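Biologist: I would like to go through this model feature by feature. Please give me the general idea where there is one, and then the case at hand.

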Amino acid sequence: MTMKWLAVSHYFCPVNENTHLPPLDAAVKSTCREPFRRVDRFIQLALLGSARCVQDRILSPDCGIYIGSGLGPIGNNIETQQQLIRDGEIPKPFNFINTLGASACFYVAKNLSLNGQNYFISRRRGSLQAVLSAATVDLSLRTIRQALVGVVEEVVFPVSEHRLRQGLRDDVALAEGSHWFLLQADESGSRSMVTKRFVEYGALEVFLKSVWCVGDRLCCASMMGKTEADNIQSCYSVESMSDQFSAFHDSLEAAWLASCMMSHEKGKIFLIDGDSERGWSLFYFGS
Amino acid sequence: MPGAYIRGMSLNCALGEDVGSCVSAMKQRLVQTVTLTLNDFNEPLRMPYYRMNDSSELFDPRRYECLIPSVARAAVIQAGLSRDEIRKLPLFIGSSSFSIGLSELSYAKALAQHPQNAIPMPLCGYQDIAVILQQGLGCKGEIYTYNTACTASANALLGALNMIDIGVYRHALVIGVEMINRTSLSGFLGLQILAKTIQPFDLWRQGIVLGEGIGAVVLSADSNSVTRMRVIGGANNCDTWSITTANTDGHSTAIAMRLALKRAGIQPHHTCGIKAHGTATRAGDMAEARGLHHVFENLPPITVLKPYLGHTLGACCLNELVLYAGTLLSGFIPATPGFETPDPVLDLHPLTVEISAPNGHYLLNHFGFAGNNTVLVVEKTA
């Protein structure tokens, strides 16, 4: 499956005990095409990232929206659960509705005046790969001409509790972010984007050898099979996502990829994921 | 030929614990709700509810590990997949609430024992159902979890269908799960759209009655000896008119229906029947009825299944797809209990008696919060 990428955006904000989460109201207001009330932080992150990616482009009316996230709108879910379990109150309607991941999709669609297909998909420690796979299949089937793909993760204070929820150690760094990619069903010209699936690792290896060039950047996903990741590491100059984006635990692939695409001028960027049971996915982005 | 076969399917809902018993109970109109009383709110909540018929306490957390894999296993067994195929089976899961019920129970327990250390949302994310399924079935394929309100399992099915269509997978397990939880019960109460009984498209309709259920389908590029149903197309769109309902002019619901029919390669007049979403809310039924009138010059027989099993939210597509397929394969299109007095504004008349179900194409509607509309087209073959 070959298509092209048109734009990318990258919002990444490390968070620790001594910092405050930066308010997003002003940034959202200045970036979005219309003002929104009753939106929580997760929705704000989605609005901000998607608007920065699209900027003033005119999108195809059938452009699909795909939001991935490991934890989803966790802040609003916490507030809602406290309302009903701790306080014995009926949740407020907008709190209840915004517990759904899809509410962020709604506001992104409304801001960009899009009425095409619209999905919220999660895969723990692999949400980028899940939404990219779903979007590229739809682009290949030509059910859509463009896809706006985003991965959003929110951090909630106190960060010690946020770590506990995820089973992370006390000293682990945290970050929130919103990373977006605008893709198009178009095989011509530069900025190509290719996804390939392989049942066998050997076939992936052969293919990778045929397309890899010196200067390309490559990363193995955090959940990739260890033996094969070690093998790739011994053959290619593999970057470690965790060095740069370890704080973005659930979706560090999205942070790494968006950051690479925004800074990389020449060569291709490869992301590999899979194991012998799941099969192998290769995503690569040309400059 | 585009589309994918339903190679195995199963269901556990208020009607029964398998497809056969559900269809049988439906034929006899054995529609049952329980009355829930929740005393842990400042003002006790009382409401009717469609619960699954297991013997456990309704809020027993062990029901997740007991009931969910059992439904999935039944679908996988019927599909006749090899051990290797099961191990590599990708999971497409749709739910509104995922494991929020477990998270609530865990938080409530912590508050009672150590209130200073209690952490809200102790279980977060969407992976718990997938983990339960993988452990229960021994499958280790890719996971896709959809959280798009009442269309969640419809979108999970559409995602699996597209991936099979393009050759990414040969088989996929699609599952819709909705288990009782306080967030959904109190949230819908707060929205003031709960009713005592479901009366879809009726003049006196007042809203929804919630329910729980688990539906599973093994979707496959290959048929087997029991396969007589195919999913042949579908479409999703987003209506930004309101976050709680599709535009009541029926514009966006009609677009989703037309697109689904187009992708399935059939004309509206080739449709043998429609499984309507039919939430029985004032606005929801209006948006759907007007959409149907935009698309169909002559409406095919319409059925709403929510009066049988309640509104099972994110799982409603899978639950209702399996139930509808079960009735079609048993030779009939079911009637819609609760519909008595036509609403002249809607001008829609769901079946009040069952009729025979011919082979052919059937349309299934699903509309949810966040403006999410998903329509599927299935084919019953000889």
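**Reading a two-chain model**

Modeller: Start with a single residue: at 57% relative accessibility, L164(A) counts as exposed, because the cut-off for that class is over 50%. L164(A) sits in helix α7 of chain A. Keep in mind that this is a predicted model.

Biologist: How far apart are the C-alpha atoms of L164(A) and C63(A)?

Modeller: They are separated by 38 Å, and the two residues are 101 apart along the chain. For scale, the C-alpha trace of chain A spans about 60 × 45 × 30 Å along its principal axes.

Biologist: How do I read the radius of gyration of chain A?

Modeller: Set it against the value for a compact globule with that number of residues. For 287 residues that value would be near 19 Å, and chain A has 19 Å, which agrees. For chain B, with 382 residues, the globule value is near 21 Å and the chain has 20 Å, which also agrees. The C-alpha trace of chain B spans about 65 × 50 × 40 Å along its principal axes.

Biologist: How many helices and strands are in each chain?

Modeller: Chain A contains 11 helices and 10 strands. Chain B contains 11 helices and 14 strands.

Biologist: What percentage of the residues is buried in each chain?

Modeller: A residue is called buried when its relative accessible area is under 20%. In chain A, buried residues make up 64% of the 287. In chain B, 66% of the 382 residues count as buried.

Biologist: And the contacts along the sequence?

Modeller: Take the contacts between residues at least 6 apart in sequence, and ask what part joins residues at least 24 apart. In chain A the answer is 75%. In chain B, residues 24 or more positions apart account for 78% of the contacts with a separation of 6 or more.

Biologist: What area does each chain expose, and what do carbon and sulfur atoms supply?

Modeller: Chain A exposes about 10800 Å², with 50% of it from carbon and sulfur atoms. Chain B exposes about 13100 Å², and carbon and sulfur atoms supply 50% of that area.

Biologist: Where do the charges lie on average?

Modeller: Compare the mean position of the positive charges with that of the negative ones. Chain A has 28 positive and 31 negative charges, and their mean positions are 5 Å apart. For the 27 positive and 29 negative charges of chain B, the mean positions are 4 Å apart.

Biologist: How should I read the interface?

Modeller: The size of an interface is often given as the accessible area lost when the parts come together. Between chain A and chain B the buried area is about 5200 Å², of which carbon and sulfur atoms give 63%. In chain A, Q81(A), F106(A) and E277(A) lose the most area to chain B, together 13% of what that side buries. The contact takes 60 residues from chain A and 61 residues from chain B.

Biologist: Which elements do the buried residues of α7(B) pack against?

Modeller: From chain A, α3 (74-86) and α4; from chain B, β2 (34-38), β3 (45-49), α4 (100-113) and β6 (171-178). α7(B) is mostly covered, with 8 of its 10 residues buried. Among them are R182(B), F188(B) and L191(B).

Biologist: Is N95(A), in helix α4 of chain A, buried or exposed?

Modeller: N95(A) is buried, with a relative accessible area of 2%. Leaving out residues up to four places away in sequence, N95(A) touches N76(A), E79(A), T80(A) and Q83(A).

Biologist: Which residues have backbone angles to check?

Modeller: Look for positive phi at residues other than glycine. S113(A) has a positive phi of about 55 degrees. S113(A) lies in the loop between α5 (102-112) and β3 (118-122) of chain A, and is exposed at a relative accessible area of 58%. Q192(B) has a positive phi of about 60 degrees. Q192(B) belongs to the loop between α7 (182-191) and β7 (213-220) of chain B and counts as exposed at 72% relative accessibility.

Biologist: Which residues does a cis peptide bond join?

Modeller: F157(A) and P158(A), with omega about -5 degrees. P158(A) is in the loop between β4 (146-153) and α7 (159-166) of chain A.

How values were computed. Residues are numbered from 1 along each chain as its sequence is written. Chains are lettered from A and ligands numbered from 1 in the order in which they are written. This is a predicted model: local features need pLDDT of at least 70, side-chain atom pairs count only at pLDDT 80 or more; totals for chains, interfaces and linings use all residues. Side-chain values use heavy atoms; hydrogens and water are left out. Helices (H or I, at least four residues) and strands (E, at least two) are DSSP runs, numbered from the N terminus. The radius of gyration is taken over C-alpha atoms; the globule rule is 2.2 Å times the number of residues to the power 0.38. Buried means under 20% relative accessible area, exposed over 50%, partly exposed in between (1.4 Å probe, protein chains only). Contact means heavy atoms within 4.5 Å. Accessible areas come from the Shrake-Rupley method with a 1.4 Å probe; for residues, only the protein chains shown count as cover. Lys and Arg count as positive and Asp and Glu as negative; His and the chain ends are not counted. The place of a charge is taken as NZ of Lys, CZ of Arg, CG of Asp or CD of Glu. Buried area is the accessible area (1.4 Å probe) that two parts lose on being put together, summed over both.
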